[in-house]
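Notebook open, sequence and model on screen. I want to go through the aromatic contacts, then the strands, then the backbone angles.

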Amino acid sequence: MIERQVGSVSEFLDALQADQGANPGTIWFRGHADAAWELLPGFMRSAADTSETTLLNRFRQSAAMLADRRPSSSFDWTFLMQHYGVPTRLLDWSESPLISMYFAVADWADRPSTDAALWCLWPTALNKHANIVDKVEGQYIPSFEDEELQAYSTDSLRQNTRIELFPVATIATRNNARIQAQMGTFTIHHNKKVPIETIGDGTHVAKYTIPFLARERLARELKLLGMTRFSLFPELASVGAILKEMMQ
């Protein structure tokens with residue numbers, strides 16, 4: 001696994017260019033406010049014994065009447081759960097490095113002595129571990145509608161509890177303003193509880209650690225580049241938060 005330390009946007013871009021040259025292809029990004037966090041989704045990090053099926057059923061029970069559009073599949077329900085903070089097997093990624101860097105450093109003031117991290121993922125390299133390879137299209141990434149992902153649905157997992165598959169990088173329809181603004185993509189875990197960075201030899205990921213003393217500088221650089229709460233969360237709550245910040 002590639003590991004570097006970066007203290008500014010320019011340092012990160014220089015490092016990314018060097019590493020992309022050695023490993024060309026599509027790259028996704030994810031920001032962590034704490035560099036110690038693993039690439040493991042919320043449901044896998046929970047110590048509770050509540051099943052995903054139970055979470056899904058209880059969420060459907062209460063959310064069906066409130067949802068603007070009724071989800072048509074278990075994957076659609078899972079996306080909605082993720083959107084509202086329910087632990088799922090999904091990990092959010094972005095096609096934009098600056099968006100992900102924003103999430104890594106945005107709360108720098110609340111974590112005065114914690115290093116952050118920006119993770120890079122080569123999705124097709126990850127998918128090879130799950131035997132998802134397209135011999136015709138080298139950069140093929142499946143969507144949740146494709147056959148390769150059906151084994152990862154909640155219904156399938158409940159019926160095949162003894163099967164354990166590696167996580168998969170996949171794309172989903174960007175059906176709300178937030179996921180579109182954040183250029184969102186996903187990885188989804190199966191029954192195998194394994195951090196993505198520990199799979200194989202780790203060459204499908206890179207970790208750029210941001211020292212805690214550099215986080216404020218990066219946050220200010222990103223603001224100059226237009227990375228703001230409203231640009232990533234185009235919602236009324238963001239407008240209120242920005243105006244409240246102006247009064248402080």
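I started with the burial of two rings: Phe144 is buried, and so is Phe186. I am working from a predicted model here, so I kept to features that pass the pLDDT limits, at least 70 for local features.

Next I asked how many aromatic pairs there are. I get 7 aromatic pairs. The one I looked up straight after is Phe79 with Phe186, which is stacked, with 5.5 Å centre to centre and 20 degrees between the planes. Phe79 sits in helix α4 (residues 74–83) and Phe186 in strand β6, so this pair ties together parts that are 107 residues apart in sequence. I checked accessibility as well: both Phe79 and Phe186 are buried.

Phe186 has another entry in my list. With Phe144 it forms an edge-to-face pair, 6.2 Å centre to centre and 70 degrees between the planes. That pair also links distant parts of the chain, as Phe144 is in the loop between α6 and α7 and Phe186 in strand β6, 42 residues apart.

Which residues make up the cluster around these rings? I noted Phe75, Phe79, Phe144 and Phe186 as one aromatic cluster.

On to the strand that carries Phe186. I found β3 and β6 paired in the antiparallel sense, over 5 bridges. Within that pairing, Phe186 in β6 is the bridge partner of Asp92. Is β3 enclosed or open? I counted buried residues: 4 of the 5 residues of β3 (residues 90–94) are buried, so the strand is largely enclosed by the rest of the structure.

A separate entry for a charge over a ring: I have Lys192 over the face of Phe166, at 5.2 Å from the ring centre.

Last, the backbone. I went looking for positive phi, because most residues other than glycine have a negative phi. Asn131 turned up with a positive phi of about 60 degrees, and it is not a glycine. I placed Asn131 in the loop between α6 (123–128) and α7 (154–159). Is Asn131 buried or exposed? Its relative accessibility is 70%, so I put it down as exposed.

Met183 went on the list too, with phi near 50 degrees, again a positive value in a residue other than glycine. I find Met183 in the loop between α8 (177–181) and β6 (184–188). At 31% relative accessibility, I logged Met183 as partly exposed.

Definitions and conventions. Residues are numbered from 1 along each chain as its sequence is written. This is a predicted model: local features need pLDDT of at least 70, side-chain atom pairs count only at pLDDT 80 or more; totals for chains, interfaces and linings use all residues. Side-chain values use heavy atoms; hydrogens and water are left out. Helices (H or I, at least four residues) and strands (E, at least two) are DSSP runs, numbered from the N terminus. Buried means under 20% relative accessible area, exposed over 50%, partly exposed in between (1.4 Å probe, protein chains only). Two strands pair if DSSP finds at least two bridges between them. Rings of Phe, Tyr and Trp (its six-membered ring) pair if their centres lie within 6.5 Å; planes under 30 degrees apart count as stacked, over 60 as edge-to-face and the rest as tilted. A charge sits over a ring if NZ of Lys or CZ of Arg is within 6 Å of the ring centre and within 35 degrees of the ring normal.
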